[in-house]
Protein chains: 2
Amino acid sequence: MDVQLKRGLLDVCVLTAIKNEDSYGYKIIKDLKPYVELSESTLYTILKRLETGSMLTVRSVEHDGRLRKYYRITAMGLKRIEEFKEEWEKVLAIYQFVIKGDKEND
Amino acid sequence: MDVQLKRGLLDVCVLTAIKNEDSYGYKIIKDLKPYVELSESTLYTILKRLETGSMLTVRSVEHDGRLRKYYRITAMGLKRIEEFKEEWEKVLAIYQFVIKGDKEND
DNA sequence: ACGGTATACATCGTATCACGAAGTATATAT
DNA sequence: ATATATACTTCGTGATACGATGTATACCGT
């Protein structure tokens, strides 16, 4: 998928991936795979950004001798998703403009 | 509108704006305004990029003592729009994932 | 015992890109 | 005279996705 097209979607995808239950990096990547592929470096950058923006909180959990960092969405994270949904109407208007491709109906 | 969300749309918007008839910078901005706002610096960056990528051709026209650069879409530019439409299904799948927000239907 | 693969997170550098700021220049309206 | 609209250009910056690379453990097959 086109990199630029992903840019406005990734943050919200990650938030959606942890919306219903806390999750961790590796699992998020797997869960999102059917919809959008992202590398580990991309994901951890996003998680860090979302944490800085208070969209989620982190807690470390020992698992099988390894460390896992579980991410939990915050109220602001939920709000971010809602705002995205609102923005979507503008996106659809743009898409309509592109597929029509002419101005005969203004 | 969210900057990141625009990123995957702007190139195609500009191409759409010149699809049916050649146009020039200032007019493109005005024509796109109802759908997406972009500054002059953004537009000219995009036009340059699209030209470099052979998505459009340019020709200068004298108008009222001022110079106007008219942009015409190429076959590759048209192809770019078609590819965008194809990509759109992935975008919709992502959107559905976000608004559902749960995995009870996998 | 060894090698490969999966799990799990981290960091660095780079390329792309939207945008504000500032500039140049002409025509028209107040 | 001043402001506004038209029209294009250049520069610098910040945001961001991603490949490359690294660390570390567990498991499975031969």
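**Exercise 1.** What area is buried between chain A and chain B, and what percentage of it do carbon and sulfur atoms give?

*Solution.* The model is a predicted one, in which local features need pLDDT of at least 70 and side-chain atom pairs count only at pLDDT 80 or more, while totals for chains, interfaces and linings use all residues. Residues are numbered from 1 along each chain as its sequence is written, chains are lettered from A and ligands numbered from 1 in the order in which they are written, and side-chain values use heavy atoms, with hydrogens and water left out.

Step 1. Buried area is the accessible area (1.4 Å probe) that two parts lose on being put together, summed over both; between chain A and chain B about 3,600 Å² is buried, and carbon and sulfur atoms give 70% of this area.

Step 2. On the side of chain A, Tyr35(A), Ile94(A) and Phe97(A) lose the most area to chain B, together 19% of what that side buries.

**Exercise 2.** Describe the contact between the two chains by residues, polar pairs and helices.

*Solution.* Step 1. With contact taken as heavy atoms within 4.5 Å, chain A brings 35 residues and chain B brings 35 residues.

Step 2. The rule for a salt bridge (a side-chain nitrogen of Lys or Arg within 4 Å of a carboxyl oxygen of Asp or Glu) finds zero across this interface, whereas six residue pairs, both residues at pLDDT 80 or more, are in polar contact. A polar contact is a pair of N or O atoms within 3.5 Å; within protein, one must be able to donate a hydrogen and the other to accept it, and residues adjacent in sequence count only if both atoms are side-chain atoms.

Step 3. Helices (DSSP runs of H or I, at least four residues) and strands (E, at least two) are numbered from the N terminus; H5(A) gives the largest share of the side of chain A that touches chain B, 13 residues.

**Exercise 3.** Which residues come nearest to DNA strand C, and which element gives the most to the surface near this strand?

*Solution.* Step 1. A residue is near the strand if one of its heavy atoms lies within 4 Å of it; of the 25 residues around DNA strand C, Lys30(A), Glu40(A), Arg68(A), Lys6(B) and Arg49(B) come nearest.

Step 2. H4(B) gives the most to this surface, with five residues.

Step 3. A side-chain N or O atom of Glu40(A) is 2.6 Å from a base nitrogen of DNA strand C, whereas Tyr44(A) places a side-chain N or O atom 2.8 Å from a phosphate oxygen.
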